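This report is meant for a reader meeting the structure for the first time, and it moves from one element to the whole chain. Please look at the sequence and the model together while reading.

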Amino acid sequence: MSHHTHAPEIRRAGLADAAALADLGRRTFIDTFGAENSAEDLLDFVNGAYGETIQRQELDSPHLTYFLAESAGVPVAFALLRSGHVSPFVDDPTAIELQRLYVDRAWHGTGLAQRLMAECVRLAVAHGAGSIFLGVWERNAKALRFYAAQGFVVVGSHSFMVGSDAQIDHVMCRRLDD
């Protein structure tokens, strides 16, 4: 981490973080998927998923938990967990969904994603979940490798809309009681 002066602090996000999460979500999503999607589909998706009002509503939900990583007060990564919904491909009714895990490109390869994942797993275990699951785009090879290294296995797939483009996400699951 020699090129970064401050190791990021990870904390639970609160309502005051809505604008920062919206900005970071838009930026990292476009950065990650911009080259593979039309500008129109990308804009349609981020406008429906990221905005201060949207993140404020998510932060206010009892089923959603955001973790925010900041370096010197600057948001550089986040994760979003969702309880109360289980994929039909996951045979554990206690499972918690890792809905988003995004890291600013400048922080790729620093171990920050692993630290965020560890926080998510800790929270899931604390809430009595036996599994954690997620959806990841079948064409996102880097993310697929990361999740496999974190102990996730593909258990199914579903369609995920980015604007008007139906894409295939692999549903991956990791048991937490192993």
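In this predicted model, strand S5, which covers residues 131–137, has six of its seven residues buried, so the strand is largely enclosed by the rest of the structure. Here a residue counts as buried when its relative accessible area is under 20%. Strand S5 pairs in the parallel sense with strand S4, residues 96–103, and the pairing runs over two bridges. In one of the pairs that join S4 to S5, Ile-96 has Ile-132 of S5 as its bridge partner.

Around this pair of strands, the protein as a whole is made up of five helices and seven strands, which follow one another along the sequence in the pattern β-α-α-α-β-β-β-α-β-α-β-β. Of the contacts with a separation of 6 or more, 65% are between residues 24 or more positions apart.

The overall dimensions and the surface are set out below.

| Property of the protein | Value |
|---|---|
| Span of the C-alpha trace along the principal axes | about 40 × 35 × 35 Å |
| Radius of gyration | 16 Å |
| Exposed area | about 8,900 Å² |

The radius of gyration agrees with what a compact globule of 178 residues would have, because that value would be near 16 Å. Of the 178 residues, 48% count as buried, while carbon and sulfur atoms supply 52% of the area that the protein exposes. As for charge, the protein carries 15 positive and 22 negative side chains, and the centres of these two sets lie 5 Å apart.

Notes:
Residues numbered from 1 in each chain as written. Predicted model: local features only at pLDDT ≥ 70, side-chain atom pairs only at ≥ 80, totals over all residues. Heavy atoms only, no water. Helix = DSSP H or I, 4+ residues; strand = E, 2+ residues; numbered from the N terminus. Rg over C-alpha atoms; globule rule 2.2 N^0.38 Å. Buried < 20%, exposed > 50% of the residue type's maximum accessible area, 1.4 Å probe, protein only. Contact = heavy atoms within 4.5 Å. Areas by Shrake-Rupley, 256 points an atom, 1.4 Å probe, with all protein chains shown as cover. Lys, Arg positive; Asp, Glu negative; His and termini not counted. Charge placed at Lys NZ, Arg CZ, Asp CG, Glu CD. Pairing = 2+ DSSP bridges.
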